[in-house]
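Work through the following exercises with the sequence and the coordinates open beside you. Each task is followed by a solution that proceeds step by step.

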Amino acid sequence: MSAEHLLTSLPALEAAAERLYISQVPQERAQAEQMLRVFGTSTEYVAHCKTILDNSTSPYAQVLASSSLIKIVTEHTLSTSVKLEMRAYFLHYLDSRGPQLEAFVATSLIQLLCRMTKLGWFEDEAYRVLAEEARNFLEKGTTGGSQTHYLLGLRILNMLVSEMNSPTAGRSLTQHRKTAVNFRDQSLYKVFQLALTALRHLHGTAADEKLKEQAVQLALQCLSFDFVGTCLDESSEDLGTIQVPSAWRPSIEDPSTLQLFIDFYCATQPPLSNMALECMVRLASVRRSLFSSETERSNFLSRLVNGTRDLLRQQSGLAHHANYHEFCRLLGRLKANYQLSELVGLESYKEWIQLVADFTISSLNSWQWASGSVYYLLGLWSRLVSSMPYLKGDAPSQLDVYVPKITKAYITSRLESVQAVVMQGGEDPLDNEEQLQDQMDSLPYLCRFQYSETAEYLTSLSDPLIAAYRSVGTSTAGQDLKQLEMLEGQLTWLVHIIGAVVRGRMNTTGADAHETMDGDLAARVFGLLQLVDAGYHTTRYGEHSRQRLDLAFLSFFQNFRKVYVGEQVMHSSKVYLKLNERLGLNDHSTVLNIMLSKIATNLKVFGSCEGVVEQTLTLFQDLAAGYMSGKLLLKLEAIAFLLTHHTSDYFPFLSEPSNLRNRTTFYHTLARLLFMEDTPAKFKSFVAPLQQVLVGLASASSSGSNAATLRSSVPKETVIGLFRDLRGVATATNSRRTYGMLFDWLHPAHFPTILACLEAWADTPEVTTALLKFVVEFVLNKTQRLTFDSSSPNGILLFREVSKVIVTYGSRVLQLGPAGDPYGQKYKGIWICITILTRALGGNYVNFGVFELYGDPALKDALDMSLKLVLSIPLNDILAYRKVSKAYFALLDVLCHNHSNVIATRDTTTFAFLLNSLDAGLKSLDVSISSQCAAAVDNLAGYYFKHMPGSESPTPAAAAIAEHLRQRPELLPQILSTLFEIVLFEDCTNQWSLSRPMLSLILVNERIYGQLKQQIVASQMPDRQQHLAACLEKLMLDVQRNMEPKNRDRFTQNLTIVRHDFRTKV
């Protein structure tokens, strides 16, 4: 389309652009997008976009042109002269027409300008002066020009910092960091100074709020810059130390900088005021070494403390939630970045700590309003308390005065919140698990600071509530349900708090008195436990408030277990003296019995509540995982009962569809306990219920020969549950002895039934996933458990079954048509299938030469089907789905290592696909994938080098590779080029792994290697080409033409030297 033709069709284009951006009809938008997307597809449309910008007044056409240009400059290569011409044009366009543009058009054009600046940063000096050019906009706005120019200048600077701080799609992280670091050193401080100047200029004036917002946002962007490449998440609640460059020292130490943000905060409303506070949070987080002396740092801290003190005195702006939240973060940072001794040494400390304490108590009481901010305040006080042992000197910390008050305020406010929620409704703090956990992490430090006082207070609150709960349980009259819900909620809080306090014992030393108080509080919880599953309370299992109470008990058990049950615990602990005195629990064995009894009860009565079941099984699993606690469990009668009565008749949760995942955990834990003892007879009785199900399935399928009958006569939930259970048992087999018991039970008797199930439900992912995941666990040779006797054929027999599973599943899944959810319907089963094969091939329990020797097709069939399965997935999808890519590249690694002939004998199209996928895998950000791909390439190229036509030992497979490379000569050089680019020009943590295949690739591409070196050198900027060429000349120094280990090591050393020499001078 010519420019003249474009001008004549401009009205139609403007109408289409308007439909694209504002039409409410999806079909219209799709048609418009189809018509207009061409403008972003090629560099030839740059002139067309410029024509639209020059001639159209439609904001939608303008934004179409600028967004298309962003796509072009990001994804395509333009000459430096064209880009510089474009850059000058856009700067002039913004200067001359910017004030009249719609805001979204200006934003798009500014983003285009900043994207070009970032991508061309090292190409020409002109790109690196954008900050100065933005200053010209600011000056034009202050010397009689329009405010719009001032706003444009600030927006350019904001977008520039944002663009420099964000990785760009299609560019490596190394390239991004290189530009970002240079921008940080050359321009960022100038931009920060411009932001401070703008704030001073705008503060106290009647300037537009947009200007003030852009100015404070710019200051915040500069302080939030990723200075050292730590990729801090801006939304992260836990801000680390800010590594501000030393050049910023004058501005940070200048008292007027902090005062400017305080004054700006006081004079504005959200969102401006809370951004000013966030700037103060960042300033409070700057690194210690930035300051020129300890005196300067102390003065800075004093200004921060005095500033927050004044804001607390006046309560300035704290009625706004956004301000309030940031202010709490600021208080939290004061202790996170400074020592208690530094705070106590300040003149204003005494007044400051009192004001902070009052503010904290007020916040705790305003729980509906401040729920998300309490985390920072509790964190502040817990860190202050934790520092007390290290506080030296005579200056009083005042913590002994305020911490008990804050602790009581927290506990009281939580109990009062229950009453308010039950009576008035609203959001319940108990339902916010994340906030609850955060608070319980900080609380133990506060509670154990003046522990006797806190323990007495908790006891005084618990006793009347437990007494009231007891009376409800024994009463037969009608109950006040709201009152009971309130009671359950308050007890839930107390159980959580007592559990957290008991866990705090792990972080304290000494005092037996503390253990006595732990025992006193724990006795209340264990006493309450005797009431919850008796009397009227047994009718409450379906109520949400009751389920939360049981979750609190499970949390308490976990905390108590970590401190007072297991390997490190003294039997004479004072806790058990107190528990024995009050409840007759004299050691951790009796406590374990109580816990186990509660676990069994929960699994019986909370079948339909997945949350309680999951947490109950997690506790059970953790108890069984400890060596000593596991041995103690085995001595209990309840465990002996569980090991023989574990069906849905006894535990209804097993028949609930929502608990299918939990079944695996349940059986894993039971089998783990079973296998602690060498008892084959017990194993037989343990698997009897599972044996019964398998026999029933065999009967329904006519001994595995009639899959259709099986599907029609057995519910799929039975099959899913069975394989979930079997997977749990298989996971628990960690030795040759235990695995042997499982193998001998299942093989050969039950494998025909397993195959029949796979055949019957091959199109049902819920069934196939459960079945295949069992097989993937069953074939895994972890801890060398799959070690059979030298005369045993079991390894070969197991692989035959694996082959049947892969072929049966693969032949069915390849027949399925396109799916709405390709991952769930197809890819998930495929990646599990190829993981089965990978584990079987790499398990070292099968001699694969036997199959070819005796004409057994099992190996060939499994390999052929696996390759068909992976080839049915587009490469983009393999790379997009993480689990698929991990499984795929692990298979290629194993195949190239042990079965190179399988890859070599494919057709050329398939061979090219596999090598291209390895090339893509080398570029993966996942180090394990790129290392696997490097190993696969090394093995394949090494095999070809040793056996290629003309070598001492040529093979038909190597001849097949030679034919593939004759048809597609670019395959191996492309991989070598990729490896050079990554190793030389990027920061890779697995450099050694990536260097290994390079020598074998060079040796099989000797003729092309010289050309490749010239291409790599030519790809660099002119001033670096000579240096890189000189470095590459050293690469093959003293390297021989062989693949001996010493020779390979010499090459790797040379490569490291080349990389170091090149990078140190760039």
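The exercises below concern a predicted model, and they move from the whole chain to helix pairs and then to single residues.

**Exercise 1. Describe the chain as a whole: its secondary structure, its extent and its burial.**

Step 1. The chain contains 54 helices and zero strands.

Step 2. The C-alpha trace spans about 90 × 90 × 65 Å along its principal axes, and 54% of the 1066 residues count as buried.

Step 3. When contacts between residues at least 6 apart in sequence are considered, 76% of them join residues at least 24 apart.

Step 4. The largest nonpolar core has 368 residues, and W381, F560, F666 and F980 are those with the most contacts inside it.

**Exercise 2. Classify the packing of α13 against α14, and examine the loop between them.**

Step 1. The axes of α13 (residues 255-267) and α14 (residues 272-283) come within 8 Å and cross at roughly 155°.

Step 2. Angles over 145 degrees count as roughly antiparallel, and α13 and α14 are therefore roughly antiparallel to each other; the crossing in which α13 passes α14 is left-handed.

Step 3. On the side of α13 the contact involves L258, F261, I262, F264 and Y265, which meet L272, S273, A276, L277, C279, M280 and L283 of α14. By class, this contact has eleven nonpolar residues, one polar residue and no charged residue.

Step 4. In the loop between α13 and α14 lies P271, and a cis peptide bond, with omega about 5°, joins P270 and P271.

**Exercise 3. Classify the packing of α20 against α22, and place W381 in its surroundings.**

Step 1. Helix α20 (residues 374-386) and helix α22 (residues 433-447) have axes that come within 8 Å and cross at roughly 30°. That makes α20 roughly parallel to α22, because angles under 35 degrees are counted in that class.

Step 2. The crossing of α20 past α22 is left-handed, and the residues that meet are V374, Y375, L378, G379, W381, S382, V385 and S386 in α20 and D438, Q439, S442, Y445 and L446 in α22. Seven of the residues in this contact are nonpolar, five are polar and one is charged.

Step 3. Residues up to four places away in sequence being left out, W381 touches I353, V356, A357, T360, L399, Y402, V403, I406 and L446.

**Exercise 4. Classify the packing of α7 against α9, and then locate Y127.**

Step 1. The axes of α7 (residues 103-119) and α9 (residues 147-165) come within 9 Å and cross at roughly 50°, which makes α7 oblique to α9. The crossing is right-handed.

Step 2. The contact is made by A103, A106, T107, I110, Q111, C114, R115, T117 and K118 of α7, together with L152, R155, I156, M159, L160, E163 and M164 of α9; it comprises nine nonpolar, three polar and four charged residues.

Step 3. Y127 lies in the loop between α7 and α8 (130-142), and its relative accessible area of 0% means that Y127 is buried.

Step 4. Among the residues that Y127 touches, with those up to four places away in sequence not counted, are M116, T117 and R87. The C-alpha atoms of Y127 and R87 are separated by 8.5 Å, although the two residues are 40 residues apart along the chain.

**Exercise 5. Is R663 buried or exposed, and what does this residue contact?**

Step 1. R663 lies in helix α32 (residues 660-674). The relative accessible area of R663 is 13%, and the cut-off for burial is under 20%, so R663 is buried.

Step 2. Neighbours within four places in sequence aside, R663 is in contact with L654, G721, L722, R724 and D725.

Step 3. Helix α32 also belongs to what covers the buried residues of α30, as do α28 (588-605), α29 (610-625) and α31 (637-642). Those buried residues of α30 (residues 627-634) are S629, G630, L632, L633 and L634.

**Exercise 6. Compare the exposure of Q315 and N844, two residues with positive phi.**

Step 1. Phi of Q315 is near 55°, and this residue is found in the loop between α15 (294-314) and α16 (321-337). At 44% relative accessibility, Q315 counts as partly exposed.

Step 2. N844, which is not a glycine, has a positive phi of about 65° and lies in the loop between α41 (822-842) and α42 (849-853). At 73% relative accessibility, N844 counts as exposed.

Terms used:
Residues numbered from 1 in each chain as written. Predicted model: local features only at pLDDT ≥ 70, side-chain atom pairs only at ≥ 80, totals over all residues. Heavy atoms only, no water. Axes fitted to C-alpha atoms, helices over the stretch in contact; angles between N-to-C directions. Helix = DSSP H or I, 4+ residues; strand = E, 2+ residues; numbered from the N terminus. Parallel < 35°, antiparallel > 145°, perpendicular 65-115°, else oblique. Left-handed = near helix turned anticlockwise from the far one by under 90°. Contact = heavy atoms within 4.5 Å. Nonpolar A, V, L, I, M, F, W, Y, C, P; charged D, E, K, R; others polar. Buried < 20%, exposed > 50% of the residue type's maximum accessible area, 1.4 Å probe, protein only. Core = buried A, V, L, I, M, F, W, Y, C linked by side-chain atoms within 4.5 Å.
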